[in-house]
Structure formats: C-alpha cells, structure tokens
Amino acid sequence: MIYDIRQVTTCAYASPVAHAHHVLRLTPVNRPGQRVHLSALRIEPSPVKAREGADFFGNRLTSVTINEPHSTLSVKVSARIAVEPVARRDPAAAPAWETVRDDVFAATDIGPQSPVHFLFASRMVSLDPEIRDYARQSFTPGRPIVEAALELNHRIKTDMTYEIGATTVTTTAPMSFALRRGVCQDFAHIMISGLRGLGLPAAYVSGYLRTTRSAEQAQLQGADAMHAWVMVWCGEAIGWIGFDPTNDMVASDDHVVLAVGRDYSDVAPMDGVIVAAGGQRITVSVSVTPVQSTAALLPENAL
Amino acid sequence: MAVPRDKTLETEGSLDAFVAGYRPLPGIVDEMMHADGTVRPHWQTLLAQFAALGPEEINRRFAAADRYLHDSGVFYRVYEDPAGAERPWPLSHVPLIIEPTEWKALEAGLIQRARLLEAVLADAYGAGELMRDGRLPAALVAGNPEFLRPLVGVAPPGGAHLRFYAVDVGRGPDGRWWVLGDRAQAPSGAGYAIESRLALSRAMPDIYARTRVERVAPFFQAFQAELFSYNRQDDARVCLLTPGPLNETYFEHAFLARYLGLLLVEGEDLIARDDGVFIRTISGLRRTDVLLRRIDADFADPLELNAASRLGVAGLVQAVRDGKVVIANALGAGLVEARAMLAFLPALAPQVLGEELLVPNIATWWLGRKDVRDDVLSRLDDVVIAPAFGTQMTGLRLGGGVLGAELTDGQRTVLMQALQDRPIDYIAQEAVTLSTTPVWRDGRLQPRPFSLRLYLARIGDDWQVMPGGFVRIAENADARAISLQQGDLTADAWVLAEGPVSTASLLPAPEHVPVQRMTGMLQSRAADNLFWVGRYVERAEATLRLTRAMLGRLADASDVAAPLVTSIAALLQNWSAAPLDPAFSPPTLVARSVLLNPDFSGALPRLTRAARSAASVIRDRFSPDAWRAIDELAALIAAPLPNGQSDSAMIERVEAALRIIASFSGLAQENMTQLAGWRFLELGRRIERALQTCRFVRSFGAKDTPEGGLDVLLELADSQLTYRQRYVMIAALAPVIDLVLLDPSNPRSVAFQLDRIETHLAALPKREIAGRLSPVRQIAVTLATRLRTADAANISGGEIVEIENELMRLSEVIGSTYLTHSDRATADGDTVT
C-alpha cells in the first residue's frame, strides 16, 4: 500500500518568540517493510540553522534554530511511503513468553536494534504493579507470547474508554490506567508498562493510521491526529510485531511508522526550547491518503 | 640528631587516662585502638596532644572550629524541607588518622580502579565489546538510567570520561579496606572536606602542625591546572555548572568555584552554538571551553536529554559531539556508579587491565543471572538486597538496601514476585560490618562506624588521589554499611606524611588560592537579580517610611494632621500596597494592608519576599550577614504581629524592619567587593530611591499640599536634620525642594542618586560605543545635567513626572544593555577595555 502523508503542525504563541531551538522528529525513514519514496519538511519562519541527524534508535532528527521573532511556528511534512503487509502467523506457534524474557535478560547485543533497550522503565512508563498484574492475567505460564500479547491488546481496547481530553501528552501510564481512559498514546503506554513489568521488551511507535478501509468511503482530510501503538519483541525467530491496542489490531499495512522509542518522550514530534513569556497553543492536522504507485504527487502535497 | 620532643608526648599517663574509657565494640575493628585496648601507634601523636589539652580546652577548640564553619556560611540544606531549612554543618572534630603505608596501598588500588572505570565507560559508549563478549550483560548497561544514548559513539572531548572521581571505602572485619561504591556522576563532599580541614587547622594550628598531616591544596592546584589546560583561548573561562541554590550541596558548588577560580554558572548563564559554548555576561558573550559539572547529566540538555529540564543548556550534547567543550565528568559517566557494576568489576579487571583489583569491592551479585539468583536465594537472610541501578522499585521500599533477615513478611512476598518478574532490577550484596573511629561525645571519645570517601583527579594521563577524605560517621553504633546512607556526622581524614610535609601551602592560609580579579565576567542573570534586590529593598524602605509617617500622625488629632494622613493613605493605596476601595481608606486599615497583606504587589510581604527570592539565587555574592539581613526582613514581615494589630504594634514592626534595612545597606556598602555585581545592586537602589523621592516631592511638595506636607517630605527623605542645620526656620517650599531634589550634597536627593548612577555606569563594560557615551550613559548624563541646572523655585510637577519617566527608561535600557540574555556575540566595539 502506498500513502501520501501530509501533516501540518502549528504552534501559536501568546507573545512573540525571539529565539527558538527545536528538535523535530517528523521525517520517516526506511524500515523493514516500509519504503520512503519522498519526504520533505517545510518550516516557517525559516530557520537560520537546520541540522539533520539520527537518534540512537535510528529515527531521523532535524534540529533547527530560529532567530527571528515569530508568533506562529508552522511545520509541514509531506511524504510518500510504501508499506508492505505483514505476513500472518499462527500465534500459537510463537515461543513461550518466559523463554523470550530469559533470552533478553541474557542478551549480549547493546546495538540500537537490541530489544534490551525496551525492557526497563523509561521517562513516561514507570513499572506500575497494578498494570503489571493486569497484564499478567493474559500471560499465563508457558503461553505463546504472540497469543498472550493479542489477548492483552484486546483487553486494553475493551477495558479502556477512548476519550480525547481525558489525558494530556504528559499523562503517565499509571495515571491513565487509574482513569481507564485516554487516547492512543495512553493505551500504548499502558500496554508497554504491563509488558515490561513482566520482563518483556516493548517499544513505543509513533506514526500514522489509514482511517478508511474501502476506496468508496470519503477520505477524512485533515481530521486526524498522529497515531501511536506498540511493538513487542517476540523472540529472535519472529522479531518485532506491532500491536495497536487502541484499535485491537495487529499493525500491518494500515500503519505507517514515523519513529520508534521507549515511550512518547523519545519520539515526541517536536521538542523545543523557546525564549518567550506566556503559553502556546498547538494544532495538528494529518491526512493519510492511499494512492496508486504511479500517481503524481498531489498538488497540495507539492512543496 | 636529637629531636626535641614535646613534653606531652612523654607523659604516657595522661594519654592512657584520656583513652581509659574507650573500648572497641566487640568483634569490630577500631581505627584508633587494637582489640587489646592499646592505642595504635599512628594515633598517638594526636591523642597525646588532646590529652594534654584536657576536656575543657578540647571543647573550646572544637567550638572554635564550629564557629569558623558557621562564619564561613558552611551549612547543610535539608532537601526534603520545602522551606529550604539549613542546619549547622555536623562536623565531628576528631579526624580519622591514616598511616602512610596503608595510604599508599589504598592510593594504588583506587588509581587502578579509576583506570578500569574509564575503560568500561569508553567501551559502553564506544565499541561495546565487553557486552558482545558476554563480560558485561547488555541489560546491565541498557537498564541503567545513566546510559545516555545520545552520547553513544561520541568520544569525550579532551579524551576522558572521568576527571574527578570519588570512591566510598570502608574497613571490613578482616582489617582490609573494601570499596563500597563509586561516584562518577558529579562527586560531592570534596568542598566540605576542604572546609573541615580549614576549620580544624585554624582551631588547633599547633596540633595540626605537629601531627604532620599531608596537605590537600597541591591536589587541587594540580586539578585546577588540568582543567585550565583545556582552554583553547586565553580569555576563555572555566565554569562550574551548578543546578542552582536549591540543590542540597549548592554551598559546596559556590565554595569549590571560588577555591578553584572557576565561574559559578547555571544552565541559564550558558548558550551552546555551532562555534562553542558561551557565558552570557554583562559585557556580552564570553567563551567557555571547560565545564566542571555538578548538574546531573540527564538534566544538562533539554533538547537531547530530559526535555523537562529547566536547569540545562539547550544544545550542550551537540557541542560535546562537535568537540567544543570539555566536561568533567563527561555526560554519561554516571553509568559506572550503578551498584550492579560492582558485581562485574572484579572479573573485568584482569580482562581489561591484566591485573586483579588491588582493593576489592564489596561482594555483589546481579540477580539477572539465574544461577547466581538461585544461589543467593538459598542464603537470602545473610545478604543485603538492593536496587541494581539506584532507582527505587515501586511497591518495595528497599531504600539503600535491606538485609534479607530483616525483610518483613510483606516485603519478602513482594520481593519474591519481583525477582520472578524482573530479577534484572536487583542485586545482592554481602552484609559488611564497618570499622569504627572515635567521636567526641560528653567529654570523652566513643567509637562510631564510618565510611570514607576518597577523591581522585585525572592529571594528564595519570591520576592523583587527594591525601585526605570525607568521613561519614553513623551516629548510631549499628555498624552495617547499609545504615550509613544518611551520614549523620562528617569528619576530616588526616593522612600522615612519611617525610616532611610539603611547605608549599603552610598556615595561616594552608589552602592558598591564586588571586583572581574578575571584571566584566559577571553573568547577566546574577546582575539582573542584584539589580532587583536593590530595587525591592529600596521600595520596601520607601513604603515603610510612608507608613511610619502616617502612623506617627494618627495620634495627633489636630486639623493639620488629618488631611496629611489622608493623603499618605491615598498614596499607599495608589502604590498597590492597599485596596483602592474607599471602605479600606481608614489609615489603620491601610497600614495593616501595607504590613500584612500578601495579595498586594506594593505591600511589604510581597516586596520583601521578592527581594529574598532574587537574593537567594545569588546568595553566594552576599556576605553571610547581608544575606541573613534579607532573610530576617522577609521573616519579620511574614510573622504575625506579636502584640495584636494596634497602631503601636505596627509602628514597632515598621521600626524593626527599617533597622534591618539599614543594617543591610551598611553591610552591602562595607562588605561587598565593589565589583560589577555591587554596582548593579547600587544601580537598582539608586534608581528606585530617585523615583520614590520624585513621587514624594509631587505628593508633599506641591504648591497646594496641605499644611505640614513639607515636614512629611523632609521626614520621608530623611533630611530634617540637614534642613534644620541649614535653614534654622520652618519648612519653606523652595529650600525643601532644593534639598530633597537638587542638592547634590544631600545623600537622599535625586541629584545625588543620579551622580552615583553616573559613576556606576562609567565603571561598567560597554560604557562607550565607538568612542561615544553608551545610550544608557547618555540618558543618565542628560538627566543629571537637567537636575544640576534646575531651579527649585520654578520646577513643576510636570517636569518631575518627566524625570520619573526618564528614570524608568534608564532602568529599561540598563536591562536591555546588560541583563537581557542576548544571543548576539560580542561585537568588537563592545568589549571592555
């Protein structure tokens, strides 16, 4: 499946910002099963300095410095990305979760791809005993890891209420779990906390979700936000599998990966330090449009 | 050659009597005394001298040491206390004595350990071979919160991760020293060790000299020279980066910065750019190539590390990556502090260095390995269980560690489940009984368990150990390592010299520091705070004077007093010191609001709190007494009125507050070095005083002012005495206005304030731009000229308002010239000459 993705992020400041540093994590990269045909970033006002780089996990970073006074910052992303469907597996054929766990404990690889980085508490995901005990109900002794993770994925979707506004970007997993409410970020953090609590590696994925399935349905332009889900390490033979607890599905070619980290704070699309007084208001609009492989770039996607 | 011996050394009887009541605790090694009750030889010189002094003189000497610490402002901040309470430094005055042979062995072992940790850091942030070869579990590195991924693959500028490293050691029951833990993030305590040494050497100079103790100053001189050697330009300044005054060891940061000749900076003072790291100063941006870091690495850069940090420098990680700044210790060096590391270092030493550890560390097992875990669980009662990385695990309060036998049933159940789920988060350690050292209690020596922190500095490619240390003593006699975390008392450690003591740094200033005169290097943030301390204190004073003038006239029922009281009350209401509501206009209510109401920006609770909070972030720039005055002022105003809210109680409060302000003024004038910082404090005060005096003149010196207004004006401007001496007559309009507004010889007049403002501005950087007066000086000179040429008989209210507007503009331009954090590099014409 090929998508044209367009995202516009606008920060409106209460008082003009004289000077700003930002780190943007908005440029997709090639990953197994995902090819970036084109991607471009436009920032206004234009930075005096922009620097491309990659973080430890291989996500693309753009660090920018803006020196001219501005009341609005806008960042526009345009990308065309091809995503391969993930082959279906028999969940029951996966190794027992305890085996996966013990293998990672003994890991010798500290490289960026090693699951060992996704095993511990991180800034926004503490190891909450309640969430762990909740997860444990699906991880009965000897159960194949994929089967258990599918069930946990399903239970989170069932037990939690999706509610925009119940939480914020800084809400931690124990907070939203206590509320039993939240958005995709919270659902993902809860699942990660539960899995890590049991000693299993789980990563946070930020990206995009195709919102309509059939070509007849109208595409919701600009109505969407960014999406988040979870990747679970299922042992050396299987590797990472994406689970989307917000939609109770396994990530396949409906999901486009932007960045992978330990939790939201690793992949936040915009981090920044600004010199200004007063608050800011951020609006984000996202569109994910399936296109033919031969399609020319849509005019509005041209930069 | 016969060496003349001190008589006291020969009086064996007195030494025996002195230690007669002292006995080592059963089964525990004591530093001072053998198990058979004889004093160890290397303690005899010290103890004989103590014995000769007698308990009374000892108490007197120890009290003198405490006084020295108090007078130097050495205190300990209680971290959990929201009020930021400080308590006296808990110095145990009896030093730990270490004999030279033992010291040499310890020294060699610690240097070896520093080399090992440097190699581990280089590998963890570099090739990762130790993990790939299975010698260090990957989970042990990945799970460590101090493993800073943005620094992976970055070689530390200057070539080393560790530059200042501390080790906690303790003596075990076998008589050997054991390493209890490593401090690699930003080791604390060395500053306190120096201060303790200064206190003791001053309180007992004779004893210190005769005991022949190794000096610590040469160690710090070498470290200072090492740091300075990384400056790439002569004008670059080495900085000590502190998280700020709220940190529990801020005193130490300020002290070490002064001692080592470093500039004490907070993250806000620095800016990282493509071409390097710069300090924001009143004379523009100044380069810094070297940072001694006392801020935890995770907080050092909000862009690439903890985004929530308000303490760091945006872009610092990139500056490191670009090789622009040497940081001691490198960001990420805290990785090797983890307790779990202790489990692997003994095996790593032979593999990495080709040598066994010379000084062993306390036996430690990482429970992430199944075979190890099963073995430990079989003897759980005998080991201490602790978090592997120092972070606490939810639901299991292990603190610094809990002895297996002492786990409650509840804890045991939780622990067993935790070890089932995530054994990688835990370690087990051998329970060690530490040796004891004497403390002076109730007029005699008593044994207490202790641990000793030792400091190492990397000098070139080698390491030096500070000959001394920071001793932490547990007040309770339970001698297990784990009970020492809180460190109830501290003591100095004296390493005895084998040969003659280095005389490079003798008393009375054993810890000699090279003379440093800092001009133009004042950080904008500090100048800004000093300026506002000046303004707030002065505004508080003016408000207090107004209140006093009002309250003083309340008792006077005459026709003259009433309208004056009303107009003073109205002025206070207009100054946002009291509600504008007519219902609150009765003078007593106004006075109450001025003195007690925290909701009004012009009332004293807000003014004094603002002064205190501006002063608190730069308190190292005040003498302890000047700081205390500001602190007392805020405390006085915050306290309820003791004798009810009567007028006389309020007058007493006003008088008390004015007395404190007067003492602060005196202290600031007399005790502050008259460098740029002092000038900003002065500028703040002078501008505020000029503004207030103008307002007083407009309110009480106008042609239509009620009768007696001129007396109020003279009182507010503290000029009655001068007036009477000069005119010997009742107050008349023109002479009064001349005195309080225009007379340059009256220290309260507006003209005098401008004269001082001109002088201060002329002494600051950026005083001239391209040969012309700077804009800020142009304003001041124009204003001063205007006052010099004005005529008291004809000056109008409108003109005074213009002067006030110019004063406010002056304040703004001072702000934009010196205090705003400008990102522009220093232009050539801008620099100080």
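# A walk through chains A and B

Let us start with a small piece of chain B: an open sheet of three strands in the order S8-S9-S10, with antiparallel pairing. Its edge strands are S8 (270-273) and S10 (284-288) of chain B, each of which pairs on one side only. From strand to neighbouring strand, the average turn in this sheet is 35 degrees, direction ignored. Keep in mind as you look that this is a predicted model. Strand S9 of chain B, residues 276-281, joins S10(B) in the antiparallel sense over five bridges. If you would like a pair to find on screen, take B:Phe278, whose bridge partner in S10(B) is B:Arg287.

A second sheet of chain B is worth a look next. Here four strands form an open sheet with parallel pairing, and the order is S7-S6-S11-S12. Strands S7 (263-265) and S12 (326-328) of chain B stand at the edges with a single partner strand each, so one side of each is left without a neighbour in the sheet. The twist from one strand to the next averages 30 degrees. Within this sheet, strand S6 (residues 238-241) and strand S11 (residues 290-293) of chain B pair in the parallel sense over four bridges. B:Val238 offers a handy landmark, since you will find it opposite B:Val290 in S11(B). A helix joins the picture too: H10 of chain B, residues 250-260, lies across S6 and S7 of chain B and runs at about 150 degrees to S7(B).

Now step back to the whole of chain B. Its domain assignment gives domain 1 (7-88), domain 2 (96-340 + 433-502), domain 3 (363-430), domain 4 (524-672) and domain 5 (675-821). The C-alpha centres of domain 2 and domain 4 of chain B are separated by 44 Å. Where these two domains of chain B touch, ten residues of domain 2 are in contact with seven residues of domain 4. On the domain 2 side of chain B, that contact has four nonpolar, two polar and four charged residues.

Two helix pairs of chain B come next. Two packed helices are described by the angle between their axes and the distance between the axes. For helix H15 (residues 524-554) and helix H18 (residues 604-616) of chain B, the angle is about 155 degrees and the axes are 8 Å apart. H15(B) is therefore roughly antiparallel to H18(B). Their crossing is left-handed. On the H15(B) side, the contact residues include B:Trp532, B:Val533, B:Tyr536 and B:Ala540, while those of H18(B) include B:Leu604, B:Leu607, B:Ala611 and B:Ala615. By class, the residues of this contact of H15(B) with H18(B) are eleven nonpolar, three polar and one charged.

The other pair is helix H25 (residues 750-762) and helix H26 (residues 775-789) of chain B, whose axes come within 9 Å and cross at roughly 150 degrees. That angle makes H25(B) roughly antiparallel to H26(B). The crossing of H25(B) and H26(B) is left-handed. Among the residues that make the contact are B:Leu754, B:Ile757 and B:Leu761 of H25(B), together with B:Val781, B:Leu783 and B:Leu787 of H26(B). What classes of residue make up the contact of H25(B) with H26(B)? There are twelve nonpolar and four charged residues, with no polar ones.

Chain A is divided into domain 1 (2-83 + 268-295) and domain 2 (91-266). The C-alpha centres of these two domains of chain A lie 24 Å apart. Between them, 21 residues of domain 1 of chain A are in contact with 20 residues of domain 2 of chain A. On the domain 1 side, strands S1 (2-17), S6 (70-83) and S15 (280-291) of chain A each supply at least two residues. S15(A) provides the largest share of that side, seven residues. In terms of class, the domain 1 side of this contact in chain A has 13 nonpolar, six polar and two charged residues.

Finally, bring the two chains together. In the contact between them, 24 residues of chain B meet 27 residues of chain A. Helix H5 (129-132) and helix H6 (138-142) of chain B each supply at least two residues of the side of chain B that touches chain A. H6(B) gives the most to that side, with four residues. The chain B side of this contact has twelve nonpolar, seven polar and five charged residues.

Technical notes: Residues numbered from 1 in each chain as written. Chains lettered and ligands numbered in written order. Predicted model: local features only at pLDDT ≥ 70, side-chain atom pairs only at ≥ 80, totals over all residues. Domains from an automatic or database assignment. Nonpolar A, V, L, I, M, F, W, Y, C, P; charged D, E, K, R; others polar. Pairing = 2+ DSSP bridges. Axes fitted to C-alpha atoms, helices over the stretch in contact; angles between N-to-C directions. Parallel < 35°, antiparallel > 145°, perpendicular 65-115°, else oblique. Left-handed = near helix turned anticlockwise from the far one by under 90°.
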